[in-house]
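Here is a short, friendly tour for anyone meeting this structure for the first time. Take a look at the model, and then let us walk through it together.

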Amino acid sequence: MPEYLTGLVARQLFHLSEDHFDGSGLTVTTLHLACEMACHNVLVTRYDADDASVGIRNDIWFLGDAQPGSYLEAEAVISYIDRKRIVFNVFARSGVAEIARGQHERLLVSQSAFMTSLAAD
């Protein structure tokens, strides 16, 4: 298993189109995907051949909104590590305004074992 350290950081940038919005504004799905991808980006650069991760918890609070045509930038920072469970602080911005923050957890798994378990179900 690769070594991860608290403080490692990565980002994900999305160009927002009308498809990323519903009647209430930016969709929860879009925001969560951006935050999950930022977390994935922290981990993937250190993966060995059979490594993967699965999101196991998302607690993200909306503080504002974005507009179609703007950019959504999600940032993830490793805040806690418990063996194969990694906790991230996540932040999302549209332009310079912070529009969301929270925590996301991922579990490091063997890709082959995980895929085998899915086929068994």
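Ser-112 sits in helix α2, where helices are DSSP runs of H or I with at least four residues, strands are E runs of at least two, and both are numbered from the N terminus. With a relative accessibility of 42%, Ser-112 counts as partly exposed; buried means under 20% relative accessible area, exposed over 50%, and partly exposed in between, using a 1.4 Å probe and protein chains only. Gly-7 is 105 residues away from Ser-112 along the chain, and the C-alpha atoms of the two are separated by 29 Å.

A word on the background: this is a predicted model, in which local features need pLDDT of at least 70 and side-chain atom pairs count only at pLDDT 80 or more, while totals for chains, interfaces and linings use all residues. Residues are numbered from 1 along each chain as its sequence is written, and side-chain values use heavy atoms, leaving out hydrogens and water.

Now for the overall plan. The protein chain has two helices and seven strands, and from the N terminus on they follow the order β-β-β-α-β-β-β-β-α. Of its 121 residues, 40% count as buried. The C-alpha atoms fill a box of roughly 40 × 35 × 20 Å along the principal axes.

How are the five strands of the open sheet ordered? They run β1-β5-β6-β7-β4, with antiparallel pairing; two strands pair if DSSP finds at least two bridges between them. Because β1 and β4 stand at the edges with a single partner strand each, one side of each is left without a neighbour in the sheet. On average, neighbouring strands here are turned by 25° against each other, direction ignored. Between β1 and β5 there are seven bridges, and Phe-14 has Leu-72 in β5 as its bridge partner.

The helices meet this sheet as follows. Contact means heavy atoms within 4.5 Å, and angles run from 0 to 180 degrees between N-to-C directions of lines fitted to C-alpha atoms, for helices over the stretch in contact.

| Helix | Residues | Strands touched or crossed | Angle |
|---|---|---|---|
| α1 | 28-44 | β1, β4, β5, β6, β7 | about 145° with β1 |
| α2 | 111-120 | β4, β7 | about 85° to β7 |

So what does the contact pattern look like along the chain? Among contacts between residues at least 6 apart in sequence, 70% join residues at least 24 apart.
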